Amino acid sequence: MSTPTETAPTIGRIVRYKLSGHDVSMINLESMQSFGGQGVIRSPAKLGDVLPAIITRTYEGSGTAVNLQVFLDGNHSYWATSRSQGTDHGQWSWPPRA
């Protein structure tokens, strides 16, 4: 049986995403704007927060680069594009096995 580190990313898989400084700035900017006529309600986003995300696109031949829809703690999500696998800010990783 393969382990998550050996698994290729595929659309629909849930991963963990670590927010970068740029991500936090974009999320906070969006929070100041109206969201579909409804205010954005969520917990504050901070550098290094690790949040669940779903893979929405993979890039053939790019290794682990994917687009993600990151689920924020509230009524809002964040689109993170062309992100690679790793443990640094702005990267995604497989969740640990329970």
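L68 stands opposite A80, and A80 sits in β4. That is one contact point between β3 and β4, which pair in the antiparallel sense over five bridges. A word of caution before I go on: this is a predicted model.

Stay with that hairpin for a moment. Five residues lie between the strands β3 and β4. In this hairpin, G74 takes a positive phi near 160 degrees.

Now step across to the other side of β3. β2 and β3 also pair in the antiparallel sense, again over five bridges. Here A53 stands opposite V70, a residue of β3.

So what is the order of strands in the whole sheet? Reading across, it goes β4-β3-β2-β1-β5. Five strands, an open sheet, antiparallel pairing. The edges are β4 and β5, and each of them pairs on one side only. As a general reminder, strands of a sheet pair through backbone hydrogen bonds.

Along the sequence, the pattern is β-α-β-β-β-β. That gives one helix and five strands in the protein chain.

Let's go to the β5 edge. Two bridges join β1 to β5, and these strands run antiparallel. Y17 stands opposite W92 of β5.

Y17 deserves a closer look. Setting aside residues up to four places away in sequence, Y17 touches a long list. Among them are L68, V70 and A80. You have met those three in the strand pairs: L68 opposite A80, and V70 opposite A53. Y17 also touches A53, R83, G90 and W92, to name some others.

That leads to the core. How many residues does the largest nonpolar core have? The count is 17. Those with the most contacts inside it are V15, Y17, L19, L68, V70 and W92. Which elements feed it? β1, α1, β2, β3 and β4 each supply at least two residues of this core.

Next, the helix side. D23 is in helix α1. Is D23 buried or exposed? Its relative accessible area is 0%, so D23 is buried. Who is around it? Leaving aside neighbours within four places in sequence, D23 is in contact with Y17, K18, Y78, R83 and G90. Note that Y17 touches R83 and G90 as well.

Back to the tryptophans. A search of the whole structure finds one aromatic pair. The partners are W92 and W94, arranged edge-to-face. Their centres are 5.2 Å apart, with 90 degrees between the planes. Both W92 and W94 are buried.

Q85 touches both of those tryptophans. It also touches T64 and Q91, again not counting residues up to four places away in sequence. Where is Q85? Q85 lies in the loop between β4 and β5. Its relative accessibility is 26%, which is why Q85 counts as partly exposed. V66 is 19 residues away from Q85 along the chain, yet their C-alpha atoms are separated by 8.5 Å.

Last, the whole chain. It has 98 residues, and buried residues make up 31% of them. Take the contacts with a separation of 6 or more: residues 24 or more positions apart account for 58% of those. The protein chain exposes about 6,000 Å². Carbon and sulfur atoms supply 55% of that area.

To close, keep two residues in mind. Y17 is among the residues with the most contacts inside the core, and Y17 stands opposite W92. W92 belongs to that same list of core residues, and W92 pairs edge-to-face with W94.

Terms used:
Residues numbered from 1 in each chain as written. Predicted model: local features only at pLDDT ≥ 70, side-chain atom pairs only at ≥ 80, totals over all residues. Heavy atoms only, no water. Helix = DSSP H or I, 4+ residues; strand = E, 2+ residues; numbered from the N terminus. Buried < 20%, exposed > 50% of the residue type's maximum accessible area, 1.4 Å probe, protein only. Contact = heavy atoms within 4.5 Å. Core = buried A, V, L, I, M, F, W, Y, C linked by side-chain atoms within 4.5 Å. Pairing = 2+ DSSP bridges. Areas by Shrake-Rupley, 256 points an atom, 1.4 Å probe, with all protein chains shown as cover. Phe/Tyr/Trp six-rings, centres within 6.5 Å; stacked < 30°, edge-to-face > 60°.
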